[in-house]
Amino acid sequence: GTRIIYDRKFLLECKNSPVARTPPCCLPQIPGVTFLAQSSLVKLEELKEQNESEEATPDQDQFEMDI
């Protein structure tokens, strides 16, 4: 087969093309996958806050040792 080789400049220009930024027309609407639902954004914010609060707590032993 024949290979088509594109130069870097052309590929970078294609990245900013309006066609590259437009989703396919028949794409199903799946919350959190094909579009960010409001509930997904809220969940992401809650997870971020939870991770920040876990980082703020002092280090504790991951497992308890039974002697």
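The following paragraphs lead through the chain, from its overall build to its surface patches and its cysteines.

This is a predicted model, in which local features need pLDDT of at least 70 and side-chain atom pairs count only at pLDDT 80 or more, while totals for chains, interfaces and linings use all residues. Residues are numbered from 1 along each chain as its sequence is written, and side-chain values use heavy atoms, with hydrogens and water left out.

The chain has three helices and zero strands, where helices (H or I, at least four residues) and strands (E, at least two) are DSSP runs numbered from the N terminus. Read from the N terminus on, the elements follow the order α-α-α. Of the 67 residues of the chain, 3% count as buried, a term that stands for under 20% relative accessible area, with exposed meaning over 50% and partly exposed lying in between (1.4 Å probe, protein chains only). About 7200 Å² of the chain is exposed, and carbon and sulfur atoms supply 56% of this area; such areas come from the Shrake-Rupley method with a 1.4 Å probe, and for residues only the protein chains shown count as cover.

On the surface, Ile 4, Tyr 6, Phe 10 and Leu 11 form a nonpolar patch with about 430 Å² of accessible area together. Patches are made of residues with over 30% relative accessible area and no salt bridge, with like charges joined within 9 Å and nonpolar side chains (Val, Leu, Ile, Met, Phe, Trp, Tyr) within 5 Å; a salt bridge is a side-chain nitrogen of Lys or Arg within 4 Å of a carboxyl oxygen of Asp or Glu. Tyr 6 lies in the segment before helix H1 (8-15) and is partly exposed, with a relative accessible area of 46%.

Helix H3 (residues 38-56) holds Glu 45, which forms a negative surface patch with Glu 46, Glu 49 and Glu 52.

The structure holds zero disulfides, a disulfide being a pair of cysteine sulfur atoms within 2.5 Å. Cys 25 is in no disulfide, and the nearest cysteine sulfur, that of Cys 26, is 3.4 Å away. Cys 25 counts as exposed at 77% relative accessibility, whereas Cys 14, at 32%, counts as partly exposed.

How values were computed
Lys and Arg count as positive and Asp and Glu as negative; His and the chain ends are not counted. The place of a charge is taken as NZ of Lys, CZ of Arg, CG of Asp or CD of Glu.
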